[in-house]
Amino acid sequence: MSVRTMNRRAVLLAGGASLLLAGCTSTSGPGRVALAAAADAPKSPASVPPHVQAMYAAVTDEPYPIRASRMHLVPERYWRQEVTDPTGEKPGSVVVDTTDRFLYHVRDDGTAMRYGVGIGASGFEWSGRAHIAYKRKWPTWTPPSDMIKRHPELERYRHGMEPSEDNPMGPRALYIHQGNEDTLYRIHGNPDETTIGKAVSSGCVRLLPQDIIHLYDHVVSGSPLLVV
């Protein structure tokens, strides 16, 4: 099923406001994604093609280390790849398909770059479209007050957790606004390969570190966003 034929109700399931610093577990969502995931037997590291290993190799020119992603833990369909655009959105758009767990960045030649993502098992919902207001490298993570109330151990981060390899926002983040209002939702990096293609409990849209860097480098501020 293409994005064009899906229910057009937009559901934004992106990160910073609902991301838990610790205890963030992964759960498989219902339906065909869960069934497909169950059919994916783990691969051996040697079975990952060299070009995929190169795409997800360790990144050594960043302020903080980024290890190579273990792509044998990620189903092949979630490896970054160029596809025929299924979304019908204008070039430059970012489309998150929460059913199939893909993020598309639409190009102007009828193609799109497709990334595998993890989405929220229980996130915030809204109807409509938004845009990527701005981007940040190695962003600070600031838990909102209601999260700190639920998790008092986060009090030390009330004024922000500085960038680091342990920061839950990862090496890059895209900040989502609707009109002039910050939705507090983010699309960001996360190194846990086992969350890609799954509905995870934190309510975020997450990509592998190498993928969020790649997306960051190609998306411009102001780009339209649709989450279906």
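A charge sits over a ring if NZ of Lys or CZ of Arg is within 6 Å of the ring centre and within 35 degrees of the ring normal. In this predicted model, R114 meets that description: its charged end sits over the ring of F102, 4.0 Å from the centre. F102 has ring partners too. Ring pairs link Y78, F102 and Y104 into a cluster. A second charge is placed in a similar way, with R172 over the face of Y216 at 5.2 Å from the ring centre. Both sites come back below, once the fold is in place.

Start with the overall frame. The protein has four helices and twelve strands. Of its 228 residues, 51% count as buried. The accessible surface comes to about 10,600 Å², and carbon and sulfur atoms hold 53% of that. Sequence separation is worth a look as well. Take the contacts between residues at least 6 apart in sequence: 72% of these join residues at least 24 apart.

Now the sheet. Nine strands form an open sheet with mixed pairing, and their order is 2-5-4-3-12-7-8-9-11. Strand 2 (81–84) and strand 11 (205–207) stand at the edges. Each has a single partner strand, so one side of each is left without a neighbour in the sheet. From one strand to the next, the twist averages 35°. For reading side chains along any such element, one rule helps. In a regular strand the side chains alternate between the two faces of the sheet.

Move to strands 3 and 4. They pair in the antiparallel sense over four bridges. Here V96 stands opposite L103 in strand 4. The loop between strand 3 (94–97) and strand 4 (102–106) contains R101. This residue has a positive phi of about 65°, although it is not a glycine. Is R101 buried or exposed? At 6% relative accessibility it counts as buried, because the cut-off is under 20%. Strand 4 also brings back the opening site, since its range of 102–106 takes in F102, the ring under the charged end of R114. The range of strand 5, 111–116, takes in R114 itself.

Strand 8 is the next stop. It is mostly covered, with six of its seven residues buried. On one side, strand 7 and strand 8 pair in the antiparallel sense over six bridges. On the other, five bridges join strand 8 to strand 9, and these two also run antiparallel. A173 shows both pairings. R136 stands opposite A173 in strand 8, and A173 stands opposite H188 in strand 9. Strand 8 and strand 9 form a hairpin with two residues between them. In the turn, G179 has a positive phi of about 65°.

The aromatic pairs add side-chain detail. The structure holds five of them. The rings of Y134 and Y175 have their centres 4.6 Å apart and their planes at 15°, so this pair is stacked. Y134 lies in strand 7 (residues 130–137) and Y175 in strand 8 (residues 172–178), so the pair ties together parts that are 41 residues apart in sequence. Their exposure is not alike. Y134 counts as partly exposed at 26% relative accessibility, whereas Y175 counts as buried at 7%.

Another pair is W141 with Y157. Their ring centres are 6.4 Å apart and their planes stand at 55°, so the pair is tilted. It links distant parts of the chain, 16 residues apart. W141 is in the loop between strand 7 and helix 3 (145–150), and Y157 in the loop between helix 3 and strand 8. W141 counts as buried at 1% relative accessibility. Y157 is buried too, with a relative accessible area of 13%. The loop between strand 7 and helix 3 also contains W138. W138 has a positive phi of about 40° although it is not a glycine. With a relative accessible area of 9%, W138 is buried.

Finish with helix 4. It lies across strands 4, 5, 7, 8, 9 and 11, and runs at about 55° to strand 8. How many of the ten residues of helix 4 (residues 209–218) are buried? Eight are, so the helix is largely enclosed by the rest of the structure. Among the buried residues are P209, I212, I213, L215 and Y216. Y216 closes the tour: its ring is the one that R172 lies over.

Conventions:
Residues numbered from 1 in each chain as written. Predicted model: local features only at pLDDT ≥ 70, side-chain atom pairs only at ≥ 80, totals over all residues. Heavy atoms only, no water. Phe/Tyr/Trp six-rings, centres within 6.5 Å; stacked < 30°, edge-to-face > 60°. Buried < 20%, exposed > 50% of the residue type's maximum accessible area, 1.4 Å probe, protein only. Contact = heavy atoms within 4.5 Å. Areas by Shrake-Rupley, 256 points an atom, 1.4 Å probe, with all protein chains shown as cover. Pairing = 2+ DSSP bridges. Axes fitted to C-alpha atoms, helices over the stretch in contact; angles between N-to-C directions.
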